[in-house]
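Trainee: Could you take me through one part of this structure in detail? I would like to see one helix and what surrounds it, explained step by step.

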Amino acid sequence: MNDHTGPARSLCIIGCGPRGASIVERILANVPALYGDRPLDLHIVDPYPPGAGRTWRTGQSGLLWMNSAAEQVTMYPDESVECDGPPRPGPTTAGWLDAPLHDGAYAARRDQGRYLRHFFATVTRERPASVRLYVHRARVTDLRRTPADGAAPDGRGRQQVILDSGEPPFLADRVVFAQGHTETLAAPVPAGLTRIGPGPADAEALERIPAGAPVVVRGLGLVFIDCLALLTEGRGGRFTRTPDGALRYLPSGREPRLYAGSRRGVPLPPKPAKPAPAAPATAPAAAPRFATVDACRARLSRPGATFARDAWPLVVAELAWCHYRALFAEQPARTRMSWQDFDAQYAVLITDADRLAKLARAAVPDPADRLDLDRLAAPLAGLRFAGTEDLQRQLRGHLAEVLQRRTGPARGVDTALVDALQRVGSVIEELWRSGGLDAHHVEEALRHFALGTYLSSGPPPLRAAQLLALAEAGIVTFVGPGMRVEALGGDEAGAGERVPGGAVFRASSPAVPGAVHEAAVLLDARLAAPGPDRVTDPLLRALLSRGELVQEHTEDGAGGMLHLSGAGLHPVDASGAVHRDRIIAGPAQFPRPHTNAVYFRQNDALARGLLTDG
């Protein structure tokens with residue numbers, strides 16, 4: 001056993017993708033001030049190269065891109081970050097790569113992996129001499145508390161870290177879980193059927209889909225976009241521009257036929273295109289005006305407060321204000337009031353939704369110019385289609401309209417909304433990470449802010465244009481909103497036109513009565529929170545089975561987030577005990593430079609707690 005029973009404190013970081021690497025950087029940055037020259041052992045455990053981890057591994061296909069602009073991604077906490085530890089200025093992804101980017105702004109994921117590995121190598125190479133670094137290319141299969149170690153959930157004693165590599169176990173005083181998104185074991189299916197996912201795009205599994213085979217696809221988000229790239233360009237297809245500038249797809253003949261749907265029935269809107277260098281731009285607000293951390297916290301502290309009733313109205317008011325601010329600045333001809341008058345009245349009325357709506361009607365005569373979050377969240381809600389072709393025609397029109405809105409000359413309004421969603425999302429994250437949201441508030445907040453994820457986390461614009469071209473080429477057929485998927489045995493199958501006879505997956509939508517699509521392959525192109533019996537991570541399975549980790553449950557009974565104690569992110573076990581020598585650092589979006597990102601502030605606080613027993 002690698003048993004350092006001497007004076008050295010031992011910290012273990014399980015998972016060293018971006019989140020784990022950032023915590024490592026913050027630990028090393030804070031060592032001189034908080035730990036001096038006392039010895040510290042730092043163990044990193046990940047089967048993938050540290051820094052990049054699984055998601056950003058450098059050997060994956062170059063067809064898989066980031067969905068954040070490379071100039072808006074950094075791993076270096078700059079001087080804007082309000083934390084106790086010292087800053088470490090450094091380049092953004094775009095600055096470090098210093099090379100052409102996809103669609104003018106986006107790095108391939110493997111290139112982001114190179115940036116992340118460079119970051120990890122740099123910060124660990126410059127570590128204090130008192131820190132001994134151990135990198136284990138392995139998985140943790142269990143953490144064991146033994147009476148001999150005197151270990152207890154209150155943080156006294158040490159834990160034995162068991163690896164799958166055959167290395168001897170080692171002891172750790174504190175353990176950080178930073179494995180990222182939890183992988184899910186696919187549910188069993190009838191004989192003769194294949195299910196891929198849920199989870200990130202699996203290139204090896206996708207390669208096994210035969211050319212021309214029908215495939216039912218569940219999910220129209222970022223995993224879907226990744227799978228599309230691998231199944232089309234990855235199989236030799238090409239996109240070309242016609243003389244009028246339209247994008248067209250030239251198939252290779254090796255593509256499958258995809259029948260894709262989701263709850264909303266529409267793909268994610270793309271990220272707004274970058275403004276032209278000479279184009280005027282409305283400067284985004286430096287911080288939220290209405291949905292601030294303090295304002296939301298004050299409302300949530302009221303007796304009987306709920307996120308939906310007390311905090312969400314501030315979020316809606318913030319989003320609408322940013323939308324109208326951009327509209328008045330960039331398209332004043334579409335308004336009937338001065339911005340100064342509108343702004344003054346808006347600030348007085350933010351708690352009165354009816355009067356705000358009346359103000360918007362008076363100031364913005366065209367309903368299409370007013371912010372309608374319900375319409376944006378569910379563009380197909382309440383619609384019925386005469387058949388599959390009617391749905392395809394209308395959906396292609398919707399995709400073209402959204403693409404024009406986010407890439408055309410008037411895209412500033414959508415850009416302002418996306419920026420506002422990202423800022424308000426940071427407020428909600430800060431409330432959550434600081435313990436300002438209890439379990440019920442968290443569930444409510446995530447359910448409501450699913451809208452923000454949908455509207456702000458889409459793919460690069462070029463990927464949206466390619467999806468439209470694939471729909472026009474017949475490679476992608478949309479199933480419709482509220483998609484239902486059934487696995488049918490041979491005696492039940494055959495009603496559809498796609499796979500006569502045999503066991504099938506059957507996809508349908510209540511919005512397209514009578515239309516069904518059948519296939520022997522189901523591609524679950526989504527990330528899903530698994531229940532305890534569907535977790536593939538051996539460590540999580542072991543701790544869940546013993547009740548040392550407990551999942552919160554959503555309203556539909558599915559597995560949810562792990563039960564944590566609050567700002568310290570310590571897990572709470574089945575008995576209610578808080579394990580203060582363990583920290584669950586869940587996945588998070590990459591931080592933007594010069595934004596005082598909550599990502600860095602939280603990682604700094606976690607690192608300082610690890611060094612001081614905080």
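Mentor: Happy to! One term before we start: a residue is called buried when its relative accessible area is under 20%, exposed when that value is over 50%, and partly exposed in between. Please also keep in mind that this is a predicted model.

Let's look at helix H15, which runs over residues 461–472. By the cut-off for buried, H15 is mostly covered, with ten of its twelve residues buried. Those buried residues are Pro461, Arg463, Ala464, Ala465, Gln466, Leu467, Leu468, Ala469, Leu470 and Ala471. The length of H15 fits its residue count: at 1.5 Å a residue, twelve residues should span 16 Å, and the end C-alpha atoms are 17 Å apart, which agrees. After H15 comes Gly474, which has a positive phi near 85°.

What do the buried residues of H15 pack against? Their partners are H5, strand S10 (238–241), strand S11 (247–250), H11 and strand S13 (476–478). We can follow some of these neighbours in turn.

Start with H5, since helix H5 (222–231) and H15 are the elements that give two or more residues to the lining of the largest cavity. The structure holds one cavity of 30 Å³ or more, and the volume of the largest cavity is about 70 Å³. Its lining is made up of Ile225, Leu228, Ala229, Thr232, Glu233, Phe239, Arg463, Gln466, Leu467 and Leu470. H15 gives the most to this lining, with four residues. In terms of chemistry, six of the lining residues are nonpolar, two are polar and two are charged.

Phe239, one of the residues lining that cavity, brings us to the strands. A search of the whole structure finds 15 aromatic pairs. In one of them, the ring centres of Phe239 and Tyr249 are 4.9 Å apart and the planes meet at 50°, so the pair is tilted. This pair links distant parts of the chain, with Phe239 in strand S10 and Tyr249 in strand S11, ten residues apart. Phe239 counts as buried, because its relative accessibility is 18%. Tyr249 is buried too, with a relative accessible area of 6%.

Now turn to H11, another packing partner of H15, and to the second largest pocket, which has a volume of about 760 Å³. The elements giving two or more residues to the lining of this pocket include helix H7 (307–330), helix H11 (388–407), helix H12 (412–433) and H15. H11 supplies the largest share of that lining, nine residues. There are 40 lining residues, and Leu376, Glu401, Val402, Arg405 and Asp414 lie nearest the centre of the pocket. The lining divides into 24 nonpolar, six polar and ten charged residues.

To pull this together, H15 gives residues both to the lining of the largest cavity and to that of the second largest pocket. As you go through the model, you could begin with the buried residues of H15, among them Arg463, Gln466, Leu467 and Leu470, and then find Arg463, Gln466, Leu467 and Leu470 again in the lining of the largest cavity. From there, Phe239 in strand S10 takes you across to Tyr249 in strand S11.

Note on methods
Residues numbered from 1 in each chain as written. Predicted model: local features only at pLDDT ≥ 70, side-chain atom pairs only at ≥ 80, totals over all residues. Heavy atoms only, no water. 1 Å grid on protein atoms, 1.4 Å probe; cavity = no way out; pocket = protein on both sides within 12 Å on 5 of 7 lines; lining within 4 Å. Points joined across faces, edges and corners; volume = space filled by probe spheres on them. Nonpolar A, V, L, I, M, F, W, Y, C, P; charged D, E, K, R; others polar. Expected span 1.5 Å × (residues − 1). Buried < 20%, exposed > 50% of the residue type's maximum accessible area, 1.4 Å probe, protein only. Contact = heavy atoms within 4.5 Å. Phe/Tyr/Trp six-rings, centres within 6.5 Å; stacked < 30°, edge-to-face > 60°.
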